[in-house]
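User: Please go through this model with me, one item at a time. Keep the answers short.

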Number of protein chains: 2
Amino acid sequence: MNEDAILKALSHPMRRQMLVWLRAPAQHFPDQRLPHELGVCAGQFARCGLPQSSVSSHLAVLTAAGLIVPEKIGQWVFYKRDEAVIARFRDRMAEL
Amino acid sequence: MNEDAILKALSHPMRRQMLVWLRAPAQHFPDQRLPHELGVCAGQFARCGLPQSSVSSHLAVLTAAGLIVPEKIGQWVFYKRDEAVIARFRDRMAEL
DNA sequence: TTCATATATCGAATATTCTCGATATACGGT
DNA sequence: ACCGTATATCGAGAATATTCGATATATGAA
């Protein structure tokens, strides 16, 4: 668990928004055809209005911090929160 | 409580270090003459090795985020954690 | 293989943050 | 008033982050 990478990832509002959206995929990504149990398809984040390359970059930062986990399925990449990492980070914040 | 300012403030390792030091002033600043109940004198942070202007700048960022509170006493400025703000921030992190 | 779609990476411009010396301001003591 | 100490602010350079168009890579379908 890289505390520094996590806090830097969280220091951008859009990345926090993405994490919050991923808490309730069915609620925030009703357009997604494939089951939300797989995670949220990268393309779904187009809803935030940023160009595709920016979305991909933000997802990469969240992934590098370990906050989300990508899973490649066919031509898509599905992202899920890593609740274990997030929980450990919260515990660490208690020491601040 | 400005979540954005807080996370940006916490995204720098030295500022997190300072916050942790402020949790136990007597333990981390044994050199301070005046009572630790007043808080920690700005000059005490020279122990981190950064030049005075950098220390002052970091303290200003933490203050602007509301994480610490300055109190001017004579020619000195004493800093204390604002535990209420920090607690509210932790609660907010639970929603991430 | 060729085409269309999904995602990642590159590269350059811009913006933000960090650092640190120099200087300014504020206060107390003499 | 002057001097010394404590802290803040300024300003410029360096480092890092963000943005976004263009391009590359990967996959599936025809």
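What follows is a set of questions and answers on the two chains and the DNA strands.

Analyst: This is a predicted model, in which local features need pLDDT of at least 70, side-chain atom pairs count only at pLDDT 80 or more, and totals for chains, interfaces and linings use all residues. Residues are numbered from 1 along each chain as its sequence is written, while chains are lettered from A and ligands numbered from 1 in the order in which they are written.

User: What rotation superposes chain B on chain A?

Analyst: The copies are superposed by least squares on the C-alpha atoms of residues with pLDDT of at least 70 in both. The fit has an RMSD of 0.0 Å and a shift along the axis of 0.0 Å. That is the relation of a two-fold axis. The rotation is 180 degrees.

User: How many residues does chain B bring to the contact with chain A, and of which classes?

Analyst: Residues are in contact if their C-beta atoms, placed from the backbone, lie within 7 Å. Chain A gives 14 residues and chain B gives 14. On the side of chain B, α1 (3-10), α2 (13-23) and α5 (83-93) each give two or more, helices being DSSP runs of H or I with at least four residues and strands runs of E with at least two, numbered from the N terminus. Ala, Val, Leu, Ile, Met, Phe, Trp, Tyr, Cys and Pro count as nonpolar, Asp, Glu, Lys and Arg as charged, and the others, Gly among them, as polar, so the 14 residues of chain B comprise nine nonpolar, one polar and four charged.

User: Which element gives the most to the surface near DNA strand C?

Analyst: A residue is near a strand if its C-beta atom, placed from the backbone, lies within 6 Å of it. Around DNA strand C there are 23 residues, with A42(A), G43(A), S53(A), S56(A) and S53(B) coming nearest. By class they are nine nonpolar, 13 polar and one charged. With six residues, the element is α4(A).

User: Which element has the largest share of the surface near DNA strand D?

Analyst: Of the 22 residues around DNA strand D, those that come nearest are S53(A), A42(B), G43(B), S53(B) and S56(B). At least two residues each come from α4 (52-64) of chain A and from α4 (52-64) and β3 (76-81) of chain B. The largest share, six residues, belongs to α4(B).

User: Which residues is L67(B) in contact with, leaving aside its neighbours within four places in sequence?

Analyst: Chain B supplies every partner listed for L67(B). They are I6(B), A9(B), L19(B), L62(B), R81(B), D82(B), V85(B) and I86(B).

Note on methods. Two residues are in contact if their C-beta atoms, placed from the backbone, lie within 7 Å.
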